[in-house]
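Here is a walk through one protein chain, taken at an easy pace. Have the sequence and the 3D view open, and look up each residue as it comes along.

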Amino acid sequence: MRIAVTGSIATDHLMTFPGRFADQLVADQLHTVSLSFLVDNLDVRRGGVGANIAFGMGQLGTKPILVGAAGSDFDEYRAWLDRHGVDTDSVRISEVLHTARFVCTTDADHNQIGSFYTGAMSEARLIELKAVADRVGGLDLVLIGADDPEGMLRHTEECRSRSIPFAADFSQQIARMSGDDIRVLLDGATYLFSNEYEKGLIESKTGWSDEEILGKVGTRVTTLGAQGVRIERAGEEPIEVGCAEEERKADPTGVGDAFRAGFLSGLAWGVSLERAAQVGCMLATLVIETVGTQEYQLRRTNFMDRFTKAYGHEAAAEVQTYLV
């Protein structure tokens, strides 16, 4: 099953200031702030929802096709993704813009000052999925993840016009999207992904009830944080899958992307929706135990031992067939 993952490609530049931002602010001078913070360390991490999801799928051996836009500074990141099983040949390289970048400083009280540079991500709207499909011999599913909003709309419309099944996954972009845009992006989706808060926001912005949305999509997948995930289809009983036991909580960033990677990999293998969700939950657990969205290692024996403990021998035997 050939799955293309569209979405942002970015790097996070994270710094730590040992003092308190509040101590550097003068109450009656806030209209003319000019500050520079001497930081203790710089941590550069690979990120972006499209790249995170594709990385997870690559770890599971399902050879995803990453579709997005990056800058000429993408070479090292591309090599990393290539080494981890991601097809990056459909990433557009901007001639003038750098790869999207989040720059953030955190103080001793965990307050943050950050900026997000969109950069090359804005060129995602120039990518045509037909060229991607022609290169790989057709697409069975396109995940339309958080990206340049115009690019998300274009990819959705192209999937409809070319009869390519697609999964709608607004995530971070839902806050800036209008109800009209959300209605366009989800109508006819084979899968709709969101967390529980986003689920309510989708219903509020579109004016559609839960039942109405279920009538417009094939399968609705709602992540529930520590409670796992709920999968719904019109006229069927919901499927609920719990989380695997975690060994520690290190960093929740990227957990949702990892779930999607595992779930999509399960679809690529052809297992049931329940099994796919179990794989997604297990992969998400590995990410929450690791600082960074792509810093975890998928050690297959360990993965299967923990998967068996969480979901039983029958589920593990089925998944083991594909995890080679």
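What follows starts with the whole chain and then visits a few residues one by one.

Before anything else, please keep in mind that this is a predicted model. The chain is built from 11 helices and 14 strands. Along its principal axes, the C-alpha trace spans about 60 × 45 × 40 Å. How does the radius of gyration of the chain agree with that of a compact globule? For 324 residues, such a globule would have a value near 20 Å, and the chain has 20 Å, so the two agree.

The inside and the surface can be described with a few more totals. Of the 324 residues, 52% are buried. The accessible surface comes to about 14,800 Å², and carbon and sulfur atoms account for 48% of that surface. The chain carries 31 positive and 48 negative charges, and the mean positions of these two sets are 3 Å apart. Sequence distance is worth a look too: among contacts between residues at least 6 apart in sequence, 66% join residues at least 24 apart.

Now let us turn to single residues, beginning with two arginines in helices. Arg-306 sits in helix 10, which covers residues 300-311. Is Arg-306 buried or exposed? Its relative accessible area is 11%, and because buried means under 20%, Arg-306 counts as buried. Setting aside neighbours within four places in sequence, Arg-306 is in contact with Glu-245, Glu-246, Glu-247, Met-282, Thr-285, Leu-286 and Glu-289. With Glu-245 there is something specific to find: the side chain of Arg-306 reaches the backbone oxygen of Glu-245 at 2.9 Å.

The second arginine, Arg-260, belongs to helix 8, residues 255-269. Arg-260 has a relative accessible area of 5%, so this residue is buried. Which residues does Arg-260 touch, not counting those up to four places away in sequence? They are Ile-53, Asp-169, Phe-193, Ser-194 and Thr-223.

A third arginine is found in a strand. Arg-46 lies in strand 3, residues 41-47. With 22% relative accessibility, Arg-46 counts as partly exposed. Apart from neighbours within four places in sequence, Arg-46 is in contact with Ala-10, Asn-52, Tyr-77, Trp-80, Thr-293, Gln-294 and Glu-295. To get a feeling for distances in the model, you can also pick Arg-46 and Leu-192: they are 146 residues apart in sequence, and their C-alpha atoms are 26 Å apart in space.

Next come residues in loops, and Thr-99 is a good place to pause. Thr-99 lies in the loop between strand 6 (92-93) and strand 7 (100-106). At 2% relative accessibility, Thr-99 counts as buried. Its contacts, leaving out residues up to four places away in sequence, are Ile-9, Ala-10, Ala-70, Gly-71, Asp-73, Phe-74, Tyr-117 and Ala-120. Within that list, look for Asp-73: the side chains of Thr-99 and Asp-73 make a polar contact at 2.8 Å.

Lys-63 is another loop residue, placed between helix 1 (49-59) and strand 4 (65-67). Is Lys-63 buried or exposed? Lys-63 is exposed, because its relative accessible area is 66% and the cut-off for exposed is over 50%. Not counting residues up to four places away in sequence, Lys-63 touches Met-57 and Gly-85.

Thr-99 and Lys-63 can each be paired with a residue 23 places along the chain. The C-alpha atoms of Thr-99 and Ser-122, 23 residues apart, are separated by 9.9 Å. For Lys-63 and Val-86, also 23 residues apart, the C-alpha separation is 5.6 Å.

The last stop is a look at the backbone of two serines. Ser-163 has a positive phi of about 55°, although this residue is not a glycine. You will find Ser-163 in the loop between helix 4 (149-161) and strand 10 (166-169). Ser-163 is exposed, with 65% relative accessibility. Ser-171, likewise not a glycine, has a positive phi of about 35°. The loop that holds Ser-171 runs between strand 10 and helix 5 (179-186). Is Ser-171 buried or exposed? With a relative accessible area of 13%, Ser-171 is buried.

Terms used. Residues numbered from 1 in each chain as written. Predicted model: local features only at pLDDT ≥ 70, side-chain atom pairs only at ≥ 80, totals over all residues. Heavy atoms only, no water. Helix = DSSP H or I, 4+ residues; strand = E, 2+ residues; numbered from the N terminus. Rg over C-alpha atoms; globule rule 2.2 N^0.38 Å. Buried < 20%, exposed > 50% of the residue type's maximum accessible area, 1.4 Å probe, protein only. Contact = heavy atoms within 4.5 Å. Areas by Shrake-Rupley, 256 points an atom, 1.4 Å probe, with all protein chains shown as cover. Lys, Arg positive; Asp, Glu negative; His and termini not counted. Charge placed at Lys NZ, Arg CZ, Asp CG, Glu CD. Polar contact = N/O pair within 3.5 Å; in protein donor to acceptor, adjacent residues only side chain to side chain.
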